[in-house]
Amino acid sequence: RLANNRLHIRFFEGVSEYARALEDIILTPPKRVLAYEATSLRRSGTEVREAHEQQRIKRKILKRVLSDDTAQTKAFYKKRPYDDLTQIRVVSKMNALDAVDLQMYDNKILYTSYTDREPISILIEDRALCEMQSSFFLSTWNNGKDISLITYDKS
């Protein structure tokens with residue numbers, strides 16, 4: 001009986017494993033993904049992330065993204081084509097997320113660390129942890145500045 005209440009944790013190391021970690025989002029598929037995204041240090045796994053985003057949009061999975069309110073973040077999202085399934089907000093003082101992405105969906109949390117090496121991801125399945133992180137996210141989301149239409153900004 002206790003096995004059903006245990007925390008489920010999986011580790012993914014390297015670009016090909018990162019692709020497997022992201023594939024869980026597509027296979028689940030959740031109604032929405034809540035994500036903190038690091039835009040400054042994505043050195044490896046960029047192609048995997050772009051392919052995943054195309055699959056997510058194709059599967060009509062809504063995604064809410066929070067990032068740091070910097071010129072670099074805005075430049076990053078300005079290059080991205082607009083889609084109706086991605087909402088992006090920025091908030092100041094999110095420096096702790098410079099090298100980590102966090103995605104929450106269907107009682108799962110996917111952490112991905114980017115540094116000078118290939119990405120390392122940790123997928124945690126736990127309802128209570130996901131609900132707690134999601135409530136922090138939504139609180140911050142409500143105070144964020146919407147930049148979803150930044151690709152239309154001519155300035």
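This report covers the fold, the surface and one nonpolar patch of a predicted model.

## Fold

The chain has 155 residues. It holds 4 helices and 8 strands. Read from the N terminus, the order is β-α-β-α-β-α-β-β-β-β-α-β. A strand therefore opens the series, and a strand also closes it.

Contacts reach far along the sequence. Take those with a separation of 6 or more: 74% of them join residues 24 or more positions apart.

## Burial and surface

Buried residues account for 43% of the chain. The accessible surface is about 9100 Å². Carbon and sulfur atoms supply 51% of that area.

## The nonpolar patch

Six side chains deserve a look here: L7, I9, F11, L129, M132 and F136 make up a nonpolar patch on the surface. Together they expose about 580 Å² of accessible area. Two elements each give two or more residues to the patch: β1 (8-13) and α4 (127-142). The largest share is from α4, with 3 residues.

## L7, a patch member outside the strand

Where does L7 sit relative to β1? L7 lies in the segment before β1. Its relative accessible area is 40%. L7 counts as partly exposed because that value falls between the 20% limit for buried and the 50% limit for exposed. The 40% also clears the patch cut-off, since patch residues need over 30% relative accessible area. L7 thus joins I9 and F11, along with L129, M132 and F136, in the patch.

Definitions and conventions:
Residues are numbered from 1 along each chain as its sequence is written. This is a predicted model: local features need pLDDT of at least 70, side-chain atom pairs count only at pLDDT 80 or more; totals for chains, interfaces and linings use all residues. Side-chain values use heavy atoms; hydrogens and water are left out. Buried means under 20% relative accessible area, exposed over 50%, partly exposed in between (1.4 Å probe, protein chains only). Contact means heavy atoms within 4.5 Å. Accessible areas come from the Shrake-Rupley method with a 1.4 Å probe; for residues, only the protein chains shown count as cover. Patches are made of residues with over 30% relative accessible area and no salt bridge: like charges are joined within 9 Å, nonpolar side chains (Val, Leu, Ile, Met, Phe, Trp, Tyr) within 5 Å. A salt bridge is a side-chain nitrogen of Lys or Arg within 4 Å of a carboxyl oxygen of Asp or Glu.
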